[in-house]
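The following points are offered as a colleague's note on the structure shown below. They concern strand environment, strand pairing and the ligand surroundings.

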Amino acid sequence: MMIDVRHVHHQDATRGFDTEALRRNYLVERLFEPGMVLLTYSHVERFVIGGATPVTVPLALESDKATIGSPNFLDRRELGVFNIGGAGKVSVDGVAHALGNRDAIYVPMGTKEVLFTSDSADVPARFYLLSTPAHARYETKVVRIAQAKKMLLGEAATANRRTIYQMIHPDVVTSCQLVMGMTQLDEGNVWNTMPCHVHDRRSEVYLYFDLMADARVIHLMGQPTQTRHIVVADGQAVISPPWSIHSGCGTRAYTFIWGMGGDNIDYTDMDMVAMDQLK
Ligand SMILES: O=C(O)C(=O)C[C@H](O)C(=O)CO
Ligand SMILES: [Zn+2]
């Protein structure tokens, strides 16, 4: 297991970042490598962002003394797992849960052992992991894409027709602070979250996927009057601090998993940015 650590930056400091500094601080480039669990510990909301790609042998989610500090990874944390690869299983304290492509599982605080396996080494599962600190133990719950709360947004005229699947969401699963789901753009549509918003009371992480090797998403970030961008490839994630807008425009349709942690679990707690404020 490898863990990378990211620190927090004031918005005024981020204004002066060049492309490399923006990428080093806000982009998580390495998540899915065969036979590995790769983790990034962000001091933004104390998110742990990860990928587990088991091939022939099970992979374990292990704790890390320098960052997590507790004997087991989930002693004081909760975890959301989304499978964006082939069929696989997430074993929670000895109980195996089968996850197909786009299924998710909520794993509660107090869990001692989490193991990831792929059903076939030819089409390995790709498990995306997002964890936040927790204060209470709730139930383990598998959420299939079919059980998600669905919202249809956008229109063809603005190239942003998309479906939002709320999966680890108070109407579907009880969690402490973690809220997660997936947004899938219709073919030929390229924009998410424009007009954009900020959410000062929480931070978010976005995993972009379903992108061909030569496709990219231009992720928009920064304060509304000081926008910046990061060019993102398939299977990469972006950390979004509370002062930042977030929006994305792809070179073609894509899907992303959004995850949030912070002061409340109200998905709608967003402050809209008027188009004439964006610079
Ligand atoms: O396409 C969208 O719009 C979204 O996916 C919105 C995100 O879920 C979001 O902004 C959460 O804060
Ligand atoms: Zn948002």
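1. Strand E21, residues 236-240, is mostly covered in this predicted model: five of its five residues are buried. In a regular strand the side chains alternate between the two faces of the sheet. On one side of E21 lie Gln236, Val238 and Ser240, and on the other Ala237 and Ile239; these are all buried, and both faces of the strand are thus covered.

2. Two strands are paired with E21. Strand E2 (residues 27-28) runs antiparallel to E21 and is joined to it by two bridges; within this pairing, leucine 27 stands opposite valine 238. Strand E18 (residues 202-209) is likewise antiparallel to E21, with five bridges between them. Here valine 205 has isoleucine 239 of E21 as its bridge partner.

3. Valine 205 of strand E18 merits a separate comment. Is this residue buried or exposed? Valine 205 has 28 other C-beta atoms within 10 Å, and the cut-off for burial is 20 or more, so valine 205 counts as buried. Apart from neighbours within four places in sequence, its contacts include Ala237, Val238, Ile239 and Ser240, and also Phe47, Ile49, Leu130 and Gly259. Between valine 205 and glycine 51 the sequence separation is 154 residues, while their C-alpha atoms are 13 Å apart.

4. Strand E3 (residues 36-42) is largely enclosed by the rest of the structure, because five of its seven residues are buried. Strand E1 (residues 2-6) runs parallel to E3 and is joined to it by five bridges, with valine 5 opposite tyrosine 41 of E3. Strand E4 (residues 48-53) runs antiparallel to E3, through six bridges. In that pairing, leucine 39 has glycine 50 of E4 as its bridge partner.

5. The hairpin formed by E3 and E4 has five residues between the strands. One backbone detail in this hairpin may be checked by the reader: glutamate 45 adopts a positive phi near 60 degrees.

6. Which residues surround ligand 1? The shell consists of Arg162, Ile164, Thr183, Asn192, Thr193, His199, Glu204, Trp258 and Met270. By class, three of these residues are nonpolar, four are polar and two are charged. Glu204 belongs to this shell, and the residue numbering places Glu204 within the span of strand E18, residues 202-209.

Key: Residues are numbered from 1 along each chain as its sequence is written. Chains are lettered from A and ligands numbered from 1 in the order in which they are written. This is a predicted model: local features need pLDDT of at least 70, side-chain atom pairs count only at pLDDT 80 or more; totals for chains, interfaces and linings use all residues. A residue is buried if 20 or more other C-beta atoms lie within 10 Å of its own, exposed if 12 or fewer, and partly exposed in between; C-beta atoms are placed from the backbone. Helices (H or I, at least four residues) and strands (E, at least two) are DSSP runs, numbered from the N terminus. Two strands pair if DSSP finds at least two bridges between them. A residue is near a molecule or strand if its C-beta atom, placed from the backbone, lies within 6 Å of it. Ala, Val, Leu, Ile, Met, Phe, Trp, Tyr, Cys and Pro count as nonpolar, Asp, Glu, Lys and Arg as charged, and the others, Gly among them, as polar. Two residues are in contact if their C-beta atoms, placed from the backbone, lie within 7 Å.
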